[in-house]
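Here's a quick briefing on how some helices pack in this model, plus a look at two of the residues involved. Have the structure open while you read.

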Amino acid sequence: MGKRDDLIAQYADDLKNKCGMTPDMDLLTKVTIGCGPAIYDADASTVAGSQAGEIETVKNNFLIKKLGLSDGPELSAAIDTVIETYGKSERNKYRAVVYYMLTKHFGKEAVYG
């Protein structure tokens, strides 16, 4: 297994054990690949859920640009819900896991089709 496969396994474990959901491995793999080289960088691979700038980045770069959603209060609400599901006290909120949950939340799996 390569480094990416190891990371995908870690993300799947987080989804199962920390978020209480059974991951769609095909979608999780596509979301992980979509994150690009960020998954290998310690800082970029995680989402700082308590930093407003980080939440804006997730909203603008992922929800609006990648998923094609329109800006509105529901985007921030969805990010808050995902952060809550992951666990506010969880230090390492992996970007790929957060993006996966947001993709599922908005039913935008077709973006990765």
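Why do α1 and α5 count as oblique to each other? In this predicted model, their axes cross at roughly 55°, and an angle between 35 and 65 degrees is neither roughly parallel nor roughly perpendicular, so the pair lands in the oblique class. α3 and α5 are oblique to each other as well.

**α1 against α5**
- Helix α1 covers residues 3-17 and helix α5 covers residues 95-105, and their axes come within 9 Å.
- The handedness of this crossing is right-handed.
- On the α1 side you'll find Y11, D14 and L15, and they meet A96, V97, Y100 and M101 of α5.
- Sorted by class, the residues of this contact are six nonpolar and one charged, with no polar ones.

**α3 against α5**
- Here the packing angle is about 55°, and the axes sit 12 Å apart.
- That angle falls in the oblique range too, so α3 and α5 get the oblique label.
- This crossing is right-handed.
- From α3, the residues E54, V58, F62 and L63 meet R95, Y99, L102 and T103 from α5.
- The class split for this contact is five nonpolar, one polar and two charged residues.

**A closer look at E54**
- E54 sits in helix α3, which runs over residues 52-66.
- Is E54 buried or exposed? Its relative accessible area is 15%, and the cut-off for buried is under 20%, so E54 is buried.
- The side chains of E54 and R95 are joined by a polar contact of 2.6 Å.
- Setting aside neighbours within four places in sequence, E54 is in contact with T46, V47, A48 and R95.
- R95 also turns up on the α5 side of the contact between α3 and α5.

**A closer look at T32**
- T32 belongs to helix α2, residues 25-34.
- With 0% relative accessibility, T32 counts as buried.
- Which backbone oxygen does the side chain of T32 reach? It is that of L28, at 2.7 Å.
- Not counting residues up to four places away in sequence, T32 touches R4, I8, Y11, I39 and A96.
- Two of those names may ring a bell: Y11 of α1 and A96 of α5 are also among the residues where α1 and α5 meet.

Conventions
Residues numbered from 1 in each chain as written. Predicted model: local features only at pLDDT ≥ 70, side-chain atom pairs only at ≥ 80, totals over all residues. Heavy atoms only, no water. Axes fitted to C-alpha atoms, helices over the stretch in contact; angles between N-to-C directions. Helix = DSSP H or I, 4+ residues; strand = E, 2+ residues; numbered from the N terminus. Left-handed = near helix turned anticlockwise from the far one by under 90°. Contact = heavy atoms within 4.5 Å. Nonpolar A, V, L, I, M, F, W, Y, C, P; charged D, E, K, R; others polar. Buried < 20%, exposed > 50% of the residue type's maximum accessible area, 1.4 Å probe, protein only. Polar contact = N/O pair within 3.5 Å; in protein donor to acceptor, adjacent residues only side chain to side chain. Parallel < 35°, antiparallel > 145°, perpendicular 65-115°, else oblique.
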